[in-house]
Amino acid sequence: MAREAPEHDVDETELSVSRPKQWAAGIPGVLVSLRHGIEQMGALRSARTLRLLNQREGYDCPGCAWPEAQGHRKVAEFCENGAKAVAEEATKRTVGREFFAAHPVRELAAKTDYWLGQQGRLTEPMVLRPGGSHYEPISWDSAFELLAEQLRGLPSPDDAIFYTSGRTSNEAAFLWQLFARSLGTNNLPDCSNMCHESSGAALKETIGIGKGSVSLADLESADLIVVVGQNPGTNHPRMLSSLEQAKQRGAKIVAVNPLPEAGLMRFKNPQNVRGLIGRGTPLADLFLQIRLGGDLALFQAVGHLLLLAERAAPGTVVDWDFVQRHTHGFEAYAEHLQQLDWSEVDRATGLSRKEIARFSRMLMDSERTVICWAMGLTQHKHSVPTIQEVVNVLLTRGMIGKPGAGVCPVRGHSNVQGDRTMGVWEKMPEEFLAALEHEFHITVPRRHGFDTVESLRAMRDGHARVFLAMGGNFAAATPDSEISEAALRNCSLTVQVSTKLNRSHVVHGRTALIFPTLGRTDRDPQAGKDQFVTVEDSMSVVHRSRGRLKPSSPALLSEVAIICRAARATLGDGHPVPWAQFERDYDKIRDRIARVVPGFADFNRRVRQPDGFVLPHPPRDSRTFETSTGRANLTVNTFEAPDLPAGRLLLQTVRSHDQYNTTIYGLDDRYRGVQDGRRVVFVNPEDLAELEIPDGTIVDLISEWAEDPQKIKERRAERFRVIAYPTARGCAAAYFPEANALVPLDATARVSNTPMSKSIVVRLEPRRG
C-alpha cells in the first residue's frame with residue numbers, strides 16, 4: 001500500500017545533525033530505495049517498475065544522464081536516486097480537481113517545494129483565470145484555444161518564451177523548437193543555460209564541439225581519472241560503479257572539491273558482496289580540498305609544472321607529435337604560464353605546493369587521463385576560461401582522441417544534451433536553421449533569442465508576455481528568487497507542462513494553465529499503437545525509452561501530443577508542418593529529424609538496435625577539430641580567482657542527498673549527516689571561531705554583490721542553521737533552491753551567461769531572539 005501524501009509541511013525545528021559519512025551506498029542505499037518505492041508506488045508496482053529501469057525494453061531513468069553499459073546490463077541497472085526519481089513519477093498519489101478546489105493558490109504558495117511535490121501526479125488540465133483564487137478544470141480543446149489566442153495576439157512572436165527541461169525526449173524537444181520557430185521566435189531557454197552552458201562554450205572554442213569526448217569504456221580503461229567540482233555519490237551515483245571498475249583495473253583517482261564527498265572516499269557497491277557486507281572500495285588516491293573558484297589557478301599551476309618538467313627532460317612530458325599535428329596556440333600558452341605568480345596560486349587554491357606537485361606528477365605518469373567535471377566548475381564568473389585550462393592540460397599531454405582519455409562534462413539531467421542536439425538553443429547555427437526551412441518549407445527567424453537570464457529580464461521588464469515551460473520547475477530553478485517570481489507574475493499567461501505540482505504552478509501569470517503530461521514510465525498509445533521516445537546520454541549515445549505503466553489518468557497527454565495540438569491551434573491546420581501526423585506516429589518525427597539533425601541518418605532503424613547508436617564526435621573519432629583554426633586550440637587565460645572581503649564567506653549552492661535538481665524526495669542528507677530539514681549552511685569550524693558564531697546558531701544569509709564595488713546590493717535568505725563542517729577555509733555551502741534567493745540575476749559567467757551559483761559572497765548574521 002502506498003503511503004498518503006504528508007498533511008503538514010516541514011517543521012525545521014525537528015532538524016538534527018550527526019557526523020557525516022565516510023562512504024556511499026551499501027545496504028542503506030538499498031533500504032532507502034525500497035522504502036521510497038513502497039511508500040509511493042506500493043510493493044508490486046515498485047517491483048514491476050524498477051525491473052524495467054534503464055533496461056533495453058524499458059525506460060530511461062528520469063534522473064541523471066549517466067550512460068548504460070553497451071552489451072551486458074545488470075538486473076538492477078539503477079541507483080538510489082534513480083529509484084527515488086521513478087518512485088516520484090510512478091506514485092499512486094494523484095492531484096485532481098478536488099485538491100485544487102480545497103486549496104486556494106495563496107495557500108499552496110506558502111507550502112514548501114517538498115510538500116508540493118509529495119501530493120502526487122496531476123490528472124487533468126487546469127486554469128487559473130485573472131483574479132481567481134483557485135485553479136479550475138478546463139477541457140483540452142479550450143485550454144489549447146486559450147493559449148492560441150494569447151500567442152496570436154502578441155505584438156511580436158518574440159514576446160513568447162519557450163522554456164525546456166532536460167527530461168524532455170528528443171522527439172518532443174525537436175517539435176518544441178519547431179513550434180517556437182514556426183511561430184517566429186528563437187526564445188528557447190533551457191536548463192542547460194543554468195548548468196553546463198560554460199562547458200559547451202569552452203569546448204566549442206577549444207575542440208570544436210560542446211560535448212564530452214569519452215565513452216563509458218574510456219572511463220573504465222583510464223590510468224587516471226580526475227573528478228573536479230562534482231559529487232557523484234549524490235548527483236550521479238551510477239558513476240561510482242564505473243570509478244570502481246577503473247580502480248580495480250589499476251586506475252588512480254583524484255578528487256578536487258571544497259567539500260569532502262562520501263562517494264569519492266569509499267564506495268560500497270550494493271550489487272556485490274564486498275559492497276553489502278565488506279568495506280567497499282576506496283576511490284580517491286588524492287583529495288585536493290580546493291577553495292571555491294580556485295580551479296583555474298590549479299590547472300594553470302599544473303600546466304606550469306608540466307612545462308617545467310618537459311624543459312628538464314625534453315620529450316618526456318609534452319606529446320609533441322599531437323601538439324604539432326593537431327593543436328594551435330601552444331607557444332603562446334607556454335609563454336603565458338612562465339609568468340605564473342605562485343603566491344596568487346596559494347591564495348586562490350588554499351592547497352600546498354606539495355599537493356599540486358603530486359597531482360602534476362600523476363598527470364605526467366598517466367598515459368590515459370580523463371577529466372570529469374560538473375557545476376563546481378561551470379557556475380563561476382571565470383568558468384569558461386577555467387574549463388579551457390582543463391583542456392590546455394589535456395592537449396599538452398595529447399589526451400584528446402585516444403582510448404581511455406578525454407574530457408567528460410557530466411550532464412546532470414536525463415536528456416539535457418539531447419535537447420540541445422535537437423535544436424533547443426537560442427543561438428542555433430545557420431546550418432540547422434536552413435535545414436529546418438528546407439525540410440518544412442517554413443521561414444525560420446535568425447535573430448538570437450533569450451537564454452534563461454535574458455528571459456527573466458525580458459519578463460521583468462514587460463518585453464515578454466507569454467511563458468511556456470515544457471517540464472521543469474522554472475520558478476525554483478532560477479537565480480534571484482524575488483526577481484524571478486516577479487518576472488513570472490508579470491506575464492499575461494504562464495503555461496506549465498508537468499507531471500507533478502511544483503513551485504512554478506503557484507508563481508504564475510495573470511492567467512495560468514497546467515497541462516498534465518505522461519511521464520517516462522507511462523504507456524503512450526497513439527492511434528492504437530504504443531509509441532517510444534529517445535534520449536541522448538552524457539556520452540552521446542542515443543537510445544529508446546518506452547513506458548510500461550498505465551497512466552494515472554485517462555486525461556493525460558504525451559508531451560508530443562501537447563505540442564502538436566498547441567501548434568495546430570495556434571498556427572492553423574493549413575500550416576506546412578504535419579502536426580497531426582506527428583502526434584499519431586513518432587516514427588514520422590524521427591524521419592524528419594534524420595533529415596535535419598547531423599548524425600541522425602537512418603534514425604528509426606539505428607535506434608531500434610539493442611543499444612541504440614553513438615553520435616559522431618570528430619575529436620574523439622578522428623582527431624578532427626572543427627574550430628576557427630582547424631585545430632584544437634590552446635588558450636591564454638588571465639589569472640583569476642574570487643576576492644573575499646574580511647568577515648565574509650564564499651557560498652556555493654549544492655543538492656542534498658534527498659533531492660534531484662528542484663525535486664525534493666525527502667528531508668535527509670544522509671552523507672552529510674542532516675536529518676529532517678533543509679535550511680542549513682555548512683561552514684568550516686575555524687571560520688566559525690573567527691566569526692564568533694557557535695555551531696548550531698540560527699543565522700540569516702546575506703549576499704553582497706555589485707558590478708561597481710561602490711554600489712553593493714544585498715539579498716537575504718532567512719533562518720539557516722549553522723553546521724560546523726569540514727569544508728575548505730573561507731567557503732560555505734547551502735542547498736538550492738532555498739539559497740537561490742542569494743544569487744543575483746546579473747551575476748553570471750562571462751561568455752556563457754550562467755548564474756554564478758558557486759561564487760556568492762555572503763555574511764552570516766545571527767538572528768536575535
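The exercises below, each with a worked solution, concern a predicted model of a single chain.

The model is predicted, so that local features need pLDDT of at least 70 and side-chain atom pairs count only at pLDDT 80 or more, while totals for chains, interfaces and linings use all residues. Residues are numbered from 1 along each chain as its sequence is written, and side-chain values use heavy atoms, with hydrogens and water left out.

**Exercise 1. The chain as a whole**

Describe the secondary structure and the overall dimensions of the chain.

Solution. Begin with the DSSP runs, where helices are H or I of at least four residues and strands are E of at least two, numbered from the N terminus; the chain has 33 helices and 33 strands. The radius of gyration, taken over C-alpha atoms, is 25 Å, close to the 27 Å of the globule rule for 769 residues, so the chain is as compact as a globular protein of that length. That rule is 2.2 Å times the number of residues to the power 0.38. Along the principal axes, the C-alpha atoms fill a box of roughly 75 × 65 × 60 Å. For the interior, take buried as under 20% relative accessible area, exposed as over 50% and partly exposed as in between, with a 1.4 Å probe and protein chains only; buried residues then make up 64% of the 769 residues. Finally, with contact meaning heavy atoms within 4.5 Å, residues 24 or more positions apart account for 78% of the contacts with a separation of 6 or more.

**Exercise 2. Two buried side chains**

Determine the setting of Gln526 and of Trp579.

Solution. Gln526 is found in strand S19 (residues 525-526), and it counts as buried because its relative accessibility is 12%. Its side chain is joined to that of Asp524 by a polar contact of 2.8 Å, a term for a pair of N or O atoms within 3.5 Å, of which, within protein, one must be able to donate a hydrogen and the other to accept it, residues adjacent in sequence counting only if both atoms are side-chain atoms. Not counting residues up to four places away in sequence, the residues that Gln526 touches include Glu583, Arg584 and Tyr586.

Trp579 lies in helix H29 (residues 579-584) and is buried, with a relative accessible area of 1%. Leaving aside neighbours within four places in sequence, its contacts include Leu175, Leu178 and Phe179 as well as Ile563 and Cys564.

**Exercise 3. Helix H9 and its end**

Which residues of H9 are buried, and what phi does Gly208 take?

Solution. Helix H9 (residues 197-207) is mostly covered, since eight of its eleven residues are buried. They are Glu197, Ser198, Ser199, Gly200, Ala202, Leu203, Thr206 and Ile207. Just after H9, Gly208 takes a positive phi of about 95°.

**Exercise 4. Backbone exceptions**

Place Asp480, Asp676 and Pro737 in the chain, and describe their backbone geometry.

Solution. As a reference, most residues other than glycine have a negative phi, and most peptide bonds are trans. Asp480 has a positive phi near 50°, is in the loop between helix H25 (474-477) and helix H26 (481-489), and counts as buried at 3% relative accessibility. Asp676, with a positive phi of about 65°, lies in the loop between strand S28 (674-675) and strand S29 (680-683), and is partly exposed, with a relative accessible area of 35%. Pro737, in the loop between strand S32 (731-735) and strand S33 (760-766), is joined to Phe736 by a cis peptide bond with omega of about 10°.
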